[in-house]
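Biologist: Before I use this model at the bench, I want to know what the terms rest on. Please show it first.

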Amino acid sequence: MVQRFDVSTFAQGAQYLDGRLAPGSAGRTHTVVDPATGEQVYTYELASPADVDAAVAAAQRALPGWAGATPGERSDALHRFAAVLGERAEELAQAESLQCGKPIKLSKEFDVPGSVDNAAFFAGAARQLAGVSAGEYSGDHTSYIRREPIGVIGSIAPWNYPLQMAAWKILPAIAAGNTIVLKPAELTPLTSLMFAQAATEAGIPNGVVNIVSGTGRDAGEHLVGHPAVAMTSFTGSTEVGKRVAEIATSTVKRLHLELGGKAPFLVFDDADLTAAVHGAVAGALINTGQDCTAATRAYVQRPLYDAFVSGVAELMDTVRLGDPFDPDTDLGPLISHAHRDRVAGFVDRARSYATVVTGGEAPGGELAKGAYYRPTLITGAAQDSEVVQRELFGPVLVVLPFDSDDEGLRLANDTPYGLAASAWSRDVHRTGRATREIKAGCVWINDHIPIISEMPHGGYRASGFGKDMSAYSFEEYTQVKHVMYDNTAVARKDWHRTVFGSR
Ligand code: NAD
């Protein structure tokens, strides 16, 4: 018997302000839809700009107490938070699968444990702020560095990994002593709300973690432009990221942008072919391809090209589409019917200039009511075509051949994005060159996708700047203050002569 998450938990509303659920006051509602069935799951009142103001005010009130807590106190609270999240693992996985259509095995084995581990990591990091040592850099002074919280953080998250995005945004921010208002994507508020409730249950003071569930245009832009918000941390598309950057810049905020990706998957001719085929199918189809680091463009050196294409097509055809709550389901639906139609549009247009080797259609039968799309393999597309250059965000892999190593590396770098990439070879010199020359925030060697709390995630170029996870993200949520002490106790200091008088 498949258990499903009970949304009556959120009968009081989808805003989380000052440690309590509340309804939004925008005067409009949004309905969360199960993308596997098209059924309506939960209707909530959207946040208005006034709700954002209330959330920011709650975060401002909580700031002095939380910023003034010792690192040890914050660390203890985050350890308890990790424990509460761990106790709620089953519920969190169900809610995530319900609102996103994720296969339950992915929610249970990736999204939830990753988020719990993040909480445990930042509980440790809260006590481990590194810095330069104090010293006499000018003979007459002692200097040292203070790393201080920034203030109220405004974060905006996408729908593809709502729980992990809440974790990646909230945990480093609060570990460093900030308070936060997070706006999840309107399609997927449930696990962000559960995350905030778990924070309260763990004893994190009211107002430290607040959630506003509203649209990008109303709640999102108001949060980014809010004068009392000191930093904007945004994860989403490059297009919306540019708009967010404009607003944040005009209000002089610190900005962290985690944007789109179009990850290359570079297979040299000495690679383990079976490993590369498995890696490409897993890397392209994880989360139904709705992953900013998903393998989207495989470049395969000519001697392996034909075998790679037939191997990937065969393996893709074994992937089981189905009910996300069935533990045997490999691939769930896309996030919505509208998004499925967008992905299908890219593939349909590609038929005029490339070959759709497998997939390229929605399944029929029982699955027809959901936003499903078959795993799709495209060959013969030109490097400058839209399926190679643009982010489709669906279960679609494009494969292109290359001849020399120079050419493969050039093609891998030939999109505006730079979030992640992988290179496949048994030759340490080739893989070493790939790690140096590929312009991306993460390069995997002989694998594609794994992430760990200790290491940073973030882009180069149009994929944005700033890091999630790891000590790097923790530091981003702090600001550096130089403190300089005079050691001389002399009233008339030597340097004063550059302003008045002489020696
Ligand atoms: P999106 O850019 O449409 O929306 C992201 C968030 O921004 C949502 O909460 C949305 O409501 C909000 N938003 C929309 N318009 C806004 C505006 N004008 N002002 C402020 N906020 C606004 O992205 P999406 O469709 O939800 O998610 C998919 C995108 O996210 C893909 O491009 C994907 O690559 C990217 N992504 C990147 C990373 C990363 O770490 N780099 C991780 C996950 C997803």
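The questions below go from the whole chain to one helix and then to the ligand.

Modeller: This is a predicted model, in which local features need pLDDT of at least 70, side-chain atom pairs count only at pLDDT 80 or more, and totals for chains, interfaces and linings use all residues. Residues are numbered from 1 along each chain as its sequence is written, and side-chain values use heavy atoms, with hydrogens and water left out.

Biologist: What makes the radius of gyration agree with a compact globule?

Modeller: The rule, over C-alpha atoms, is 2.2 Å times the number of residues to the power 0.38. For 503 residues that gives a value near 23 Å, and the protein has 25 Å, so the two agree.

Biologist: Which residues of helix H13 are called buried?

Modeller: Buried means under 20% relative accessible area (1.4 Å probe, protein chains only). In H13, a DSSP run of H or I with at least four residues, those are Asp405, Gly408, Leu409, Leu411 and Ala412.

Biologist: Why are they said to line one face of H13?

Modeller: The arc uses directions from the helix axis to the C-beta atoms. The buried residues fall within an arc of 165°, so they line one face.

Biologist: What makes the ligand's approach to Glu221 a polar contact?

Modeller: A polar contact is a pair of N or O atoms within 3.5 Å. A ligand nitrogen is 2.8 Å from an N or O atom in the Glu221 side chain, so the pair meets the definition. By Shrake-Rupley with a 1.4 Å probe, the ligand alone exposes 850 Å², of which the protein buries 90%.

Conventions:
Buried < 20%, exposed > 50% of the residue type's maximum accessible area, 1.4 Å probe, protein only. Helix = DSSP H or I, 4+ residues; strand = E, 2+ residues; numbered from the N terminus. Polar contact = N/O pair within 3.5 Å; in protein donor to acceptor, adjacent residues only side chain to side chain.
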